[in-house]
Every structure is written in structure tokens, then in C-alpha cells.
Amino acid sequence: MTARTRSLSSLAARSFAGAFAAAGLVALCFSSLAGAQGIAGFNSNQPVNYAADRIELQGRQSRVILSGNVVITQGDLKLTAARTTVAYTNEESLQIQRIDATGGVTVQRGDETAKGAAGVYDFNRRVIILSGGVSLRRGGDTLNGGRLVIDLNSGLSTVDGGAGPRGSQSGRVSGTFSVPTS
């Protein structure tokens with residue numbers, strides 16, 4: 001074996017070991033998240049309860065406008081906002097299709113809290129999307145970005161970076177993982 005071949009083999013082994021260690025670190029950080037009951041994996045077939053300072057039924061448009069200290073709960077999932085529009089169908093029975101929320105939107109379940117300027121809960125796709133200065137908190141762990149998508153079917157949550165200066169897409173996702181003490 002030549003010196004160059006040994007050098008390349010050694011480099012490949014170190015790269016593999018580094019990648020393995022990095023993957024282990026990521027798995028360790030997320031393992032503390034996996035045990036907690038989060039927003040993803042939620043049963044969206046439960047009844048929806050709501051309360052607000054004002055409710056306006058717009059029957060022809062098949063929607064309800066809730067405004068002022070809006071609180072919507074579904075099982076142990078809680079959504080709060082300044083204003084929401086609830087779109088529904090009323091064929092055989094009333095079925096919520098989508099909730100659009102604005103004004104300090106917070107979605108909470110268990111010890112996980114997600115916040116953003118606006119949000120959409122799409123009942124058909126079983127997806128919750130928050131946008132505008134998004135933060136996701138679970139215990140001591142934090143994640144910040146421009147847009148959060150929570151897929152209730154797969155349990156996958158994705159955060160994209162926010163818009164940078166003057167609308168550029170140079171924003172980044174940032175956060176903090178708490179480290180377990182032993």
C-alpha cells in the first residue's frame with residue numbers, strides 16, 4: 001500500500017468516524033424530544049371547542065369569524081389568537097375544513113409550544129403551518145425560524161429560515177438544545 005493510499009484510507013476513516021459521531025450527537029439531542037408528547041402525532045378527529053369575545057357566522061360563505069381572545073381547543077391541543085376564520089362544509093353534517101389564525105398565534109400541546117404571527121390548521125391535509133417569527137419550544141429546547149410546518153400524519157415538523165433584510169431569503173433557522181446532566 002502506498003503512502004498516498006494509506007493517507008486517503010485514513011482520511012476516509014476519519015471522515016466516516018466524524019459523520020458517525022455527528023449523527024450520534026444529533027440523535028442524542030433529539031432523543032430528549034422524542035419522549036415528550038408533542039404537537040405532531042395528534043388525533044385531529046376529536047371535537048373542536050371555541051371561545052372568543054365576538055363570533056360572526058357567515059352562512060353563505062360557510063365560515064365563522066372569531067375575534068378577540070380566541071381560544072380553540074381540540075382534545076389537549078390549544079390554539080390561541082387575536083382572530084380566526086373557520087371554514088366549514090355543511091353537507092351531511094358540519095365539518096371544519098380549515099382554520100386561519102392571525103395576531104399572536106400560539107399552538108400548544110403538552111410541553112410543546114409553537115408561536116408565530118399567523119397560522120393555518122388544514123383539517124383535510126392534517127397540517128398546521130405557522131409563519132412570521134416562528135418559535136418552537138419543548139422543555140429547555142428552542143427552535144426559531146420564519147415558517148414551521150407540522151405534519152400531523154407523519155409526525156414530521158420542518159422549520160424554514162425567515163426572510164432576511166429587505167425580503168431576501170437569507171434568513172436562517174436557529175435554536176438551542178439542552179444538554180442532559182449526569
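Among contacts in the protein chain between residues at least 6 apart in sequence, 38% bridge residues at least 24 apart. Keep in mind that you're looking at a predicted model. The chain is mostly a story of strands: its secondary structure comes to 1 helix and 10 strands.

**The chain overall**

- Follow the sequence and you get the pattern α-β-β-β-β-β-β-β-β-β-β, with the helix ahead of the strands.
- The chain has 182 residues, and 31% of them count as buried.
- Its accessible surface comes to about 11100 Å², and carbon and sulfur atoms account for 54% of that.

**The largest nonpolar core**

- There are 24 residues in the largest nonpolar core, and the ones touching the most other members are Tyr121, Ile128, Leu130 and Leu148.
- Two or more residues apiece come from β3, β4, β5, β6 (112-122), β7 (127-138) and β8 (141-151).
- The top contributor to this core is β4, which gives 5 residues.
- As a general point, nonpolar side chains in soluble globular proteins tend to be buried together.
- Want one residue to click on? Try Leu148: setting aside neighbours within four places in sequence, Leu148 is in contact with Ala114, Ile128, Ile129, Leu130, Val134, Leu136, Ser157, Thr158 and Val159.
- Two of the residues touching Leu148, namely Ile128 and Leu130, are also among those with the most core partners.

**The second largest pocket**

- This pocket has a volume of about 240 Å³.
- Its lining is made up of Val48, Tyr50, Ile55, Leu57, Val64, Leu66, Ile72, Val86, Tyr88, Leu94, Ile96 and Ile99.
- Strands β1 (48-51), β2 (54-58), β3 (63-74), β4 (77-90) and β5 (94-109) each put two or more residues into that lining.
- By class, the pocket lining has 12 nonpolar residues, no polar ones and no charged ones.

**The cavity**

- Searching the whole structure turns up 1 cavity of 30 Å³ or more.
- The largest cavity has a volume of about 70 Å³.
- Around it sit Val48, Ile72, Thr73, Gln74, Leu77, Lys78, Leu79, Ile99, Val107, Tyr121, Phe123 and Ile128.
- At least two lining residues come from each of β3, β4 and β5.
- The cavity lining divides into 9 nonpolar, 2 polar and 1 charged residues.

**Where the pieces meet**

- Val48, Ile72 and Ile99 line the second largest pocket, and these three also line the largest cavity.
- Tyr121 and Ile128 line the largest cavity too, and both belong to the largest nonpolar core.

Notes. Residues numbered from 1 in each chain as written. Predicted model: local features only at pLDDT ≥ 70, side-chain atom pairs only at ≥ 80, totals over all residues. Heavy atoms only, no water. 1 Å grid on protein atoms, 1.4 Å probe; cavity = no way out; pocket = protein on both sides within 12 Å on 5 of 7 lines; lining within 4 Å. Points joined across faces, edges and corners; volume = space filled by probe spheres on them. Helix = DSSP H or I, 4+ residues; strand = E, 2+ residues; numbered from the N terminus. Nonpolar A, V, L, I, M, F, W, Y, C, P; charged D, E, K, R; others polar. Buried < 20%, exposed > 50% of the residue type's maximum accessible area, 1.4 Å probe, protein only. Contact = heavy atoms within 4.5 Å. Areas by Shrake-Rupley, 256 points an atom, 1.4 Å probe, with all protein chains shown as cover. Core = buried A, V, L, I, M, F, W, Y, C linked by side-chain atoms within 4.5 Å.
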